[in-house]
Structures are given as structure tokens and as C-alpha cells.
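Subject: The structure I promised you

Hi there,

Here is the structure we talked about, with the sequence alongside. Have a look at it first, and then read on for my notes.

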Amino acid sequence: MSDYDRKSEIQEFDDTKTGVKGLLEKGVSKIPRIFFHDQYIIEKKSVSGIPEYTIPVIDFEGLNKDAAKRKEIVDKVKDACESWGFFQIINHGIQVSIMEKVIEGIREFLSATSFGCRESRQPNPPALYNSFS
């Protein structure tokens, strides 16, 4: 782990100027390491003894039926947000057709060059100076 050069990998990713969409177009099957934050990875031992990494899965079943259950779910969401930054929700009641429309909208957004998706980030943009003499 100590020979991992995160800065170079981020620069290489930025140099492609294709962003996450470019990763998808290449058919990436594994999330690149630059998107991981080691302090947030939760290790779970599998039956075989090989560690697996899992994101939080939160069940919304009973969210609006019982105040105690609602508090429990809210606490799980809070913990997942603070520890991971994202999570998966199950039993949310959203129709599959609606979720598919959302995913299609995301794909359309990411493919749109008018939003600047293909522009590179500039960590230190050049300074411009104006004079009113």
C-alpha cells in the first residue's frame, strides 16, 4: 500500500478529460482506487475468511408506521452519511420504471458536452489582471 501514488493516479484520470463517463465507456468493471477512502472501508469477513467490502444497506420498511422504527432508520441514514457518504436503500416503494427513467436521465446528463463534462479541472487556474489606467 505504501507505494500507491494517489496524486499521479488522479492526474492520470484528469488527463483523460473523459471523467467517470470515460471509465464507463472503457467498460471498467472495478471502481478505481482513487475513489476509495481507506478510513471509511468497513471490512466484513465472509464464510471463506476472505474479506469483502460492503456499503450500508438500509431497509425503509416500516418508516411511516412506527416512531421508534423511523428513528432507527433515520439513525442508520445519519451513520451511513457520516461514515460512507452513500448507501443503498431497499423497500423504498419507488417503482422500477421511475428508477430506470432517473438512470437514463443521468446517462443523458453525463453524455452532454454542453455541461462541461469533458473539461478538465484546473487546480490552479491562471490569474488575470486588469488595469484601469
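Let me start at one particular loop, the one between strand 4 (88-90) and helix 4, where Asn91 lies. Please bear in mind throughout that this is a predicted model. Asn91 has a phi near 55 degrees, a positive value in a residue other than glycine. Most residues other than glycine have a negative phi. With a relative accessible area of 45%, Asn91 counts as partly exposed. Asn91 is also one of the residues touched by Phe60, together with Ile73, Val77, Ile89, Ile90 and His92, leaving aside residues up to four places away in sequence.

A second residue of this kind turns up towards the N terminus. Lys17, in the loop between helix 1 (6-16) and helix 2, has a positive phi near 55 degrees and is likewise not a glycine. Its relative accessible area is 41%, which makes Lys17 partly exposed.

Now for the overall layout. The protein has 4 helices and 4 strands, and read from the N terminus their order is α-α-β-β-β-α-β-α. Of its 133 residues, 12% are buried. The exposed surface comes to about 11400 Å², of which carbon and sulfur atoms supply 57%. As for contacts between residues at least 6 apart in sequence, 55% of them join residues at least 24 apart.

How far can you trust each part? The mean pLDDT of the protein is 75, with 68% of the residues at 70 or more. By element, helix 3 has the highest mean pLDDT, at 93, while strand 1 (residues 43-45) has the lowest, at 43. Residues 39-50 stay under 50 in pLDDT, and for this stretch the model has 18 contacts beyond four places in sequence. I would read that part of the picture with care.

On to the inside. Which residues make up the largest nonpolar core? There are 5 of them: Ile58, Phe60, Leu63, Ile73 and Ala80. Phe60 and Ile73 are both members of that core, and Ile73 is also among the contacts of Phe60 listed above.

The surface has a nonpolar feature too. Ile94, Val96, Ile98, Met99, Val102 and Ile106 form a patch there, with about 510 Å² of accessible area together. One of these residues, Ile98, is found in helix 4 (residues 96-111). Ile98 is partly exposed, at 42% relative accessibility.

Finally, the charged pairs. How many salt bridges does a search of the whole structure find? The search gives 6. Here are some that you may like to look up:

- Lys21 and Glu25 form a salt bridge, their closest N and O atoms being 2.1 Å apart. The two are 4 residues apart in helix 2 (residues 19-26), so about one helical turn separates them. Their surroundings contrast: Lys21 is buried, with a relative accessible area of 16%, whereas Glu25 is exposed, at 53%.

- Asp75 and Lys71 are joined by a salt bridge as well, with 2.9 Å between the closest N and O atoms. Both sit in helix 3, and because they are 4 residues apart, about one helical turn lies between them. Asp75 is partly exposed, with a relative accessible area of 38%, and Lys71 is exposed, at 52%.

- Glu72 and Lys69 meet through their side chains in a salt bridge of 3.8 Å, N to O. These two also lie in helix 3 (residues 67-83), 3 residues apart, or about one turn of the helix. Both are partly exposed, Glu72 with a relative accessible area of 36% and Lys69 with 31%.

Lys69 and Glu72 belong to something wider, too: together with Lys76, they are linked in a network of salt bridges. If you open the model at helix 3, you can follow that network alongside the pair Asp75 and Lys71. Helix 3 is also the element with the highest mean pLDDT.

That is what I have for now. Do write back if anything catches your eye.

Best wishes

How values were computed
Residues numbered from 1 in each chain as written. Predicted model: local features only at pLDDT ≥ 70, side-chain atom pairs only at ≥ 80, totals over all residues. Heavy atoms only, no water. Buried < 20%, exposed > 50% of the residue type's maximum accessible area, 1.4 Å probe, protein only. Contact = heavy atoms within 4.5 Å. Areas by Shrake-Rupley, 256 points an atom, 1.4 Å probe, with all protein chains shown as cover. Salt bridge = Lys/Arg side-chain N within 4 Å of Asp/Glu carboxyl O. Patch = residues over 30% accessible without salt bridge, like charges linked within 9 Å, V, L, I, M, F, W, Y side chains within 5 Å. Core = buried A, V, L, I, M, F, W, Y, C linked by side-chain atoms within 4.5 Å. pLDDT = per-residue confidence, 0-100.
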